[in-house]
Amino acid sequence: MPDPIVFTPPRGMRDFYPEDMALRNTIFEAWIAAARRFGFEQYDACVVESLDLLKRKGGEEIVDQIYTFKDKSDRDLALRAEMTPTLARMIVARQNELAFPIKWFTVAQCFRYERMTRGRKREHYQWNLDIVGEPSVMAEAEVIATAVQALRLLGLNPDDVRVHVNSREVLADILIKLGIPRDHHAATFLALDKRGKLPDEEISALLKLNGLDQTHIDSVFTLLKIKTLDELKATLGEPTPALERLLAFFELMKSYGAADMITFDISVIRGLGYYTGIVFEGFDTAHSLRAIFGGGRYDNLLSDIGGKPATAVGLGFGDVVIAELLADKGILPPASPQRDVAVAFMDDAQRLAALQITRTLRESGVNVDIGLHPEKPKNFFGRAGKGGFRRAILIGPDDLTRGTVRIKTLADRTETEMSLTALPS
Ligand code: HAM
């Protein structure tokens with residue numbers, strides 16, 4: 001006997017029933033509207049990638065989380081875990097034709113075999129915004145301001161969400177000052193990113209494994225106590241170009257009118273190896289959830305995969321955590337999407353008349369659902385109410401004789417009678 005079929009999706013995957021689509025659409029619409037408002041162009045790509053593109057040697061968690069499989073010709077393939085390698089591949093494929101800087105966005109489903117916790121699934125949709133070919137911090141500012149715009153469209157403000165910003169380049173300057181050589185930096189960043197997820201002793205052990213001695217490990221932990229940009233400046237002594245860039249970024253955010261949502265936070269490192277400069281993450285102010293979005297500058301990825309060098313900044317903003325936050329704040333869209341009109345008929349004799357009315361309404365731009373078989377009033381009005389329709393029209397034998405229809409507004413149960421010819425207006 002084969003195992004019985006299970007009617008829930010595989011663990012960590014989601015189904016979206018019609019009532020779930022209202023929230024998902026609200027989030028996607030805010031993302032897309034913000035991206036368009038800020039002049040990003042939309043792109044898309046296949047969900048399946050070659051495994052080679054996605055594998056990196058960075059020691060990042062994400063590489064171990066990739067869903068892999070072989071196709072029937074024995075090719076090693078994978079479901080994308082993030083969009084960034086795919087974006088890099090698409091740009092390198094046309095690097096000679098594209099006019100840089102480019103600003104692209106997408107909403108992409110991503111798959112990661114993760115341990116499941118709140119806000120963490122094995123499949124999620126991720127809004128990606130990327131600017132490729134712009135070395136100045138205008139790129140970071142533009143990307144973050146676009147994310148802030150999406151948050152505002154969703155009804156969130158600085159009391160709800162803050163973007164925490166740091167710079168790996170500035171951290172590198174400090175690590176050099178502390179005597180930690182550059183070839184230890186990448187692994188140091190990945191170890192430090194695990195703070196909060198692993199106890200400090202385990203982080204120390206990771207740093208030791210990466211070749212840092214105890215004095216260096218102690219100074220790294222002290223470094224993480226820096227709270228403000230002024231303390232950062234004081235630690236560095238001489239301002240470095242990286243620090244100047246970080247300060248310029250904070251200045252720019254004032255002109256974007258988004259400074260109230262931005263804060264400096266030395267603990268933001270990011271868990272992906274490719275970031276080279278400013279990095280950032282969006283958090284709810286109560287810190288009750290994991291990062292809502294994250295991103296940063298990654299100036300080497302295109303050349304790392306075999307393209308010409310190109311600077312890049314981008315972010316990924318998932319649908320799962322933001323949905324949790326909107327639910328926590330009670331700012332969810334109505335459970336059922338508002339539909340315009342439901343039309344039905346009582347007997348077969350009114351089928352064609354109902355269809356004619358439906359067609360007229362549809363052609364004049366109204367969204368209409370027509371009942372597919374004769375219905376009794378009780379059934380029809382009950383169904384139309386549950387379905388979230390604004391208005392309901394039931395055609396009975398009397399309507400045809402009189403040449404009129406009765407339109408019921410379901411919210412207040414009022415009824416207006418109208419001649420068939422006046423209906424579209
Ligand atoms: P990431 O930090 O791995 O960055 O993911 C970005 C966001 O996607 C997270 O903040 C979270 O909202 C969402 N997310 C990630 N994994 C899951 C999951 N298992 N379940 C639910 N939500 C999840 C990146 O992926 C980078 N590629 C972003 C980027 C674009 N950097 C430059 N351009």
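**A ligand, a pocket and a sheet**

Me: How do the residues of the shell around the ligand divide?
Reply: They divide into nine nonpolar, nine polar and eight charged residues. This is a predicted model, by the way.

Me: Which residues come nearest to the ligand?
Reply: Glu-82, Thr-84, Glu-114, Lys-121 and Tyr-275 do, out of 26 residues around the ligand. Being near takes a heavy atom within 4 Å. As for elements, strand 6 (123-132), strand 10 (293-297) and strand 11 (312-318) each give the shell at least two residues.

Me: What makes the pair between the ligand and the side chain of Tyr-275 a polar contact?
Reply: The cut-off for a pair of N or O atoms is 3.5 Å. Here a nitrogen atom of the ligand sits 2.7 Å from an N or O atom of the Tyr-275 side chain, so the pair counts as a polar contact. Arg-270 passes too: an N or O atom of its side chain is 2.9 Å from an oxygen atom of the ligand.

Me: How do you know that Leu-315 makes a polar contact with the ligand?
Reply: A polar backbone atom of Leu-315 is 3.4 Å from a nitrogen atom of the ligand, and the cut-off is within 3.5 Å, so this pair counts as well. As for cover, the ligand on its own has 660 Å² of accessible area, and the protein covers 97% of that.

Me: How much space lies in the second largest pocket, and which residues are closest to its centre?
Reply: It holds about 720 Å³ of space. The closest to its centre are Gly-273, Tyr-274, Tyr-275, Asn-300 and Asp-304, among 26 residues in the lining. Helix 6 (168-177), helix 7 (185-193) and helix 12 (301-304) are the elements that supply two or more of the lining residues. Helix 7 gives the most, with five. By type, the lining has 12 nonpolar, five polar and nine charged residues.

Me: Why do strand 1 and strand 8 stand at the edges?
Reply: The open sheet has eight strands in the order 1-5-6-11-10-9-7-8, with mixed pairing. Strand 1 (41-42) and strand 8 (262-264) each have a single partner strand, so one side of each has no neighbour in the sheet.

Me: How do you know that strand 10 and strand 11 pair?
Reply: Pairing takes at least two bridges. Five bridges join strand 10 to strand 11, so they qualify. They run antiparallel, and Arg-297 stands opposite Val-313 of strand 11.

Me: What makes strand 4 a partner of strand 2?
Reply: Three bridges join strand 2 (residues 48-50) to strand 4 (residues 76-79), so the need for at least two is met. One pair of bridge partners is Glu-49 and Ala-78. Strand 3 (residues 68-70) is also joined to strand 4 by three bridges, running antiparallel, with Phe-69 partnered by Leu-77. In the hairpin of strand 3 and strand 4, five residues lie between the strands, and Asp-74 has a positive phi near 70 degrees.

Me: What makes the bond that joins Phe-100 and Pro-101 stand out?
Reply: Omega is about 0 degrees there, a cis peptide bond. Most peptide bonds are trans. Pro-101 lies in the loop between helix 4 (84-93) and strand 5 (102-111).

Me: What is the phi of His-287, and where is this residue?
Reply: Phi is positive, about 50 degrees, though His-287 is not a glycine. Most residues other than glycine have a negative phi. His-287 belongs to the loop between strand 9 (278-284) and strand 10.

How values were computed:
Residues are numbered from 1 along each chain as its sequence is written. This is a predicted model: local features need pLDDT of at least 70, side-chain atom pairs count only at pLDDT 80 or more; totals for chains, interfaces and linings use all residues. Side-chain values use heavy atoms; hydrogens and water are left out. A polar contact is a pair of N or O atoms within 3.5 Å; within protein, one must be able to donate a hydrogen and the other to accept it, and residues adjacent in sequence count only if both atoms are side-chain atoms. Accessible areas come from the Shrake-Rupley method with a 1.4 Å probe; for residues, only the protein chains shown count as cover. Helices (H or I, at least four residues) and strands (E, at least two) are DSSP runs, numbered from the N terminus. Ala, Val, Leu, Ile, Met, Phe, Trp, Tyr, Cys and Pro count as nonpolar, Asp, Glu, Lys and Arg as charged, and the others, Gly among them, as polar. On a 1 Å grid over the protein atoms alone, a cavity is a set of points where a 1.4 Å probe fits but cannot get out, and a pocket is an open set with protein on both sides within 12 Å along at least five of seven lines; lining residues have an atom within 4 Å of a point. Grid points are joined across faces, edges and corners, and a volume is the space filled by probe spheres set on the points.
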